[in-house]
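Q: I am new to this structure. Please take me through one part of it closely, and show me how that part sits among its neighbours.

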Amino acid sequence: MNFYPVWPPPATRAGWIRLDCHLHTLVSGDARTTLEELAQRVEAVRLDVVCITDHHAIEAAETLRRELRIRVIVGEEIRTPSGEIIGLFLSERIPYVLPVPEVIHRIKAQGGLVYAPHPFDPERAGLREPVLEALVAAGELDIIEVFNAKIAEPAHNLAAVAFAQQFDIAPGVGSDAHDPEGIGAAFMEVPDFDGPHDLLASLRQGRVVGEYRPHAARYSRRQSAEPAARDGTPYSQETAGSTWRV
Ligand SMILES: [Zn+2]
């Protein structure tokens, strides 16, 4: 299977890296990617940093980082009564029965970042707009996912782009892969970074690369990066400060 019209994919520019902010391993319970498969695939598609965001578990991320030498940001996708939240840069697992303010508190207490996945997709359990706006007002939302490769309707990603621009929130990009083949479907090219604060600055300068892959069986070949469109069609977006070209 080909994933790029030009293989191997071109190198990122000097000092930049490829980052996937949102993906899963079999530890999630609803994904089938083993840790070995993830490590192989990350290398094959030339990702440099991956945020492992299993549902309610962080041990796979820690194992990947420690034993398989993958550059990992430990994350967790956490169900709340108001929708799912991702915490990044975690060191302790957060339970899934807690209300949003408590989850936010626990993420921040660990020095982590609050990331809103697939926020405007009515088919997915993201945080809804009133909750997002309350988080913004409280200064608690760090990253909003402006491209999720598994969204079936591109307008939902574009709504997240508009939200990020309106409220000046750092953008994130996730393959949300639950299988090895999905890893690499979307990522962000960003200046390399060191730690959470630095990551936020890098995301604001990043370049989004992705293709829609709402159903695994419909995965299609990556083409060159061109404007947003439907399933299987590639997409790219430059970010420079908060002024984006879509
Ligand atoms: Zn997810």
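A: Start at a single residue. Arginine 46 comes just after helix α1 and takes a positive phi of about 60 degrees. The model is a predicted one. Helix α1 itself covers residues 35-44, and this helix is the part to look at closely.

First, the inside of the helix. Leu38, Arg41 and Val42 are buried in α1. Looking down the axis of α1, the buried residues fall within an arc of 105 degrees, so they line one face of the helix. There is a general background to this pattern. An α-helix has 3.6 residues a turn, so residues three or four places apart point the same way.

Next, the outside. Glu36 and Glu43 are exposed, and they sit on the face of α1 turned away from its buried side.

What lies over the buried side? The cover for the buried residues of α1 includes strand β2 and helix α2, residues 59-67.

Now the setting. Helix α1 belongs to a β-α-β unit with strands β1 and β2, and the unit is right-handed. Strand β1 spans residues 16-23. Strand β2 spans residues 49-52. The two strands pair in the parallel sense, over 3 bridges. One place to see this is aspartate 20, whose bridge partner in β2 is valine 50.

Strand β1 also has a partner in strand β8, residues 186-191. Here the strands run antiparallel, and 4 bridges join them. Find leucine 19 and look across: methionine 188 in β8 stands opposite. Strand β1 is mostly covered, with 7 of its 8 residues buried.

For contrast, try a spot in another helix. Alanine 159 is found in helix α5, residues 154-167. Is alanine 159 buried or partly exposed? Alanine 159 is partly exposed, because 16 other C-beta atoms lie within 10 Å, and a buried residue needs 20 or more. From alanine 159 to phenylalanine 147 is 12 residues in sequence and 10.0 Å in space, C-alpha to C-alpha.

Finally, step back to the whole protein. It has 6 helices and 11 strands. Of its 246 residues, 46% are buried. Among contacts with a separation of 6 or more, 61% link residues 24 or more positions apart.

To recap the close-up: α1 has buried residues lining one face, exposed Glu36 and Glu43 on the face turned away, and a place in a right-handed unit with β1 and β2.

Terms used. Residues numbered from 1 in each chain as written. Predicted model: local features only at pLDDT ≥ 70, side-chain atom pairs only at ≥ 80, totals over all residues. Buried ≥ 20, exposed ≤ 12 C-beta atoms within 10 Å, placed from the backbone. Contact = placed C-beta atoms within 7 Å. Pairing = 2+ DSSP bridges. Right-handed = clockwise from strand over helix to strand, strands pointing away. Arc of directions from axis to C-beta.
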